Amino acid sequence: MSKLYLVPTPIGNLDDITLRAIKVLQQVDGILAEDTRNSGMLLKHLGISKPLYAHHAHNEHHSTAGIIKMLKEGKTLALVSDAGTPGISDPGFLLVRECLKLGFAVECLPGPTAFVPALVNSGLPNDRFCFEGFLPHKKGRQTRLQQLVAEERTMIFYESPHRLMKTLEQLAEYLGSDRQASVARELTKMFEENIRGTLLEIIAHYTAHAQTIKGEIVIVVAGKA
Ligand code: SAM
C-alpha cells in the first residue's frame, strides 16, 4: 500500500534515531534523500541497503513527478534530509502537499530537529514560540526584522556561522540590545554549547571568542515583554 513517510535523522549524534525510524527505513521500497551520499553513510551505519533517489532543493519540482509515479505503482517511500526532520528548513513541503492533493497517505515520524533542544536549552519561555527558520539574506530581511519588533513569543532562527554576528547585531538593533537570547551551537555533538544572556552580552562573548563561531547554530530570542 503506497505511502510516504518523513523520517527524521540525527542532527549530530548518530544515536539519536528512533527504533521506529530504523524499522521504517528497513521496510520501505525506496528512500528519497537530500544528499544520497550523506544518507548512504547513515544507512550503511544502520546496516540498511535500499534504492536511494535524490530529492533536494534544486530538483524537488522535477523529482516530485517521479516520486508520484512510484507511489502510483504502490510503493512505500521514506523521505530523509541531511539532518533533522524533513520539511523543517529542508525539502519536504512541496512533496507532502502534492501527495495529499493526490490522496496518498503521508506520515511524519517524530524525531530529531534542532529547534526543539535549542528552545528548551535557552531557558526562555516555551509555552508559545515562533519558528522563523533562516532570515532572508537580502531582499525582505529588513521587512522581516521590522515585523518581529512587536512579536511577544520567543523567536527561533536558524543561522550559519558566517552570518551569526551580522544577525545578532541586527536583532539587537531592531529588538533592543538588552533582549534576552541564547545561541545553541553544535547541538548533540561533542562540542555542544549554549551561550545565554542579553544580545549585547552574546555579541561581546562571540567578539572575544571569534574562533568558536563555527558549526551549526540556532538563535533563540525572547519575545517583547
Ligand atoms: N531539518 C533540520 C531540522 O529539523 O532542524 C534543519 C535543516 S537546516 C538546512 C540546517 C540548520 O539547522 C543549520 O544551519 C542550523 O541552523 C540548524 N541545525 C542543524 N543541526 C544543528 C545542530 N546540531 N546544532 C545547532 N543547529 C543545528
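**Ligand environment in the predicted model**

In this predicted model, a backbone N or O atom of Ala83 is placed 3.1 Å from a nitrogen atom of the ligand. A second backbone approach involves Ile88, whose N or O atom lies 2.8 Å from a ligand nitrogen atom. A side chain contributes as well: an N or O atom in the side chain of Thr113 is found 2.6 Å from an oxygen atom of the ligand. Considered alone, the ligand exposes 570 Å², of which the protein buries 90%.

The space occupied by the ligand corresponds to the largest pocket. Two elements each give two or more residues to the shell around the ligand, namely strand S7 (154-159) and strand S10 (217-221). The shell also spans a division of the chain into domains, since at least three of its residues are drawn from domain 1 (3-108) and at least three from domain 2 (115-221).

In total, 18 residues surround the ligand. The closest of these are Ile88, Asp90, Thr113, Tyr158 and Ile217. By residue class, the shell comprises nine nonpolar, four polar and five charged residues. Ile88 and Thr113 thus appear both among the closest residues and in the polar approaches described above.

Notes. Residues are numbered from 1 along each chain as its sequence is written. This is a predicted model: local features need pLDDT of at least 70, side-chain atom pairs count only at pLDDT 80 or more; totals for chains, interfaces and linings use all residues. Side-chain values use heavy atoms; hydrogens and water are left out. A residue is near a molecule or strand if one of its heavy atoms lies within 4 Å of it. A polar contact is a pair of N or O atoms within 3.5 Å; within protein, one must be able to donate a hydrogen and the other to accept it, and residues adjacent in sequence count only if both atoms are side-chain atoms. Accessible areas come from the Shrake-Rupley method with a 1.4 Å probe; for residues, only the protein chains shown count as cover. On a 1 Å grid over the protein atoms alone, a cavity is a set of points where a 1.4 Å probe fits but cannot get out, and a pocket is an open set with protein on both sides within 12 Å along at least five of seven lines; lining residues have an atom within 4 Å of a point. A molecule sits in a cavity or pocket if more than half of its atoms lie within 2 Å of its grid points. Helices (H or I, at least four residues) and strands (E, at least two) are DSSP runs, numbered from the N terminus. Ala, Val, Leu, Ile, Met, Phe, Trp, Tyr, Cys and Pro count as nonpolar, Asp, Glu, Lys and Arg as charged, and the others, Gly among them, as polar. Domain bounds come from an automatic or database domain assignment.
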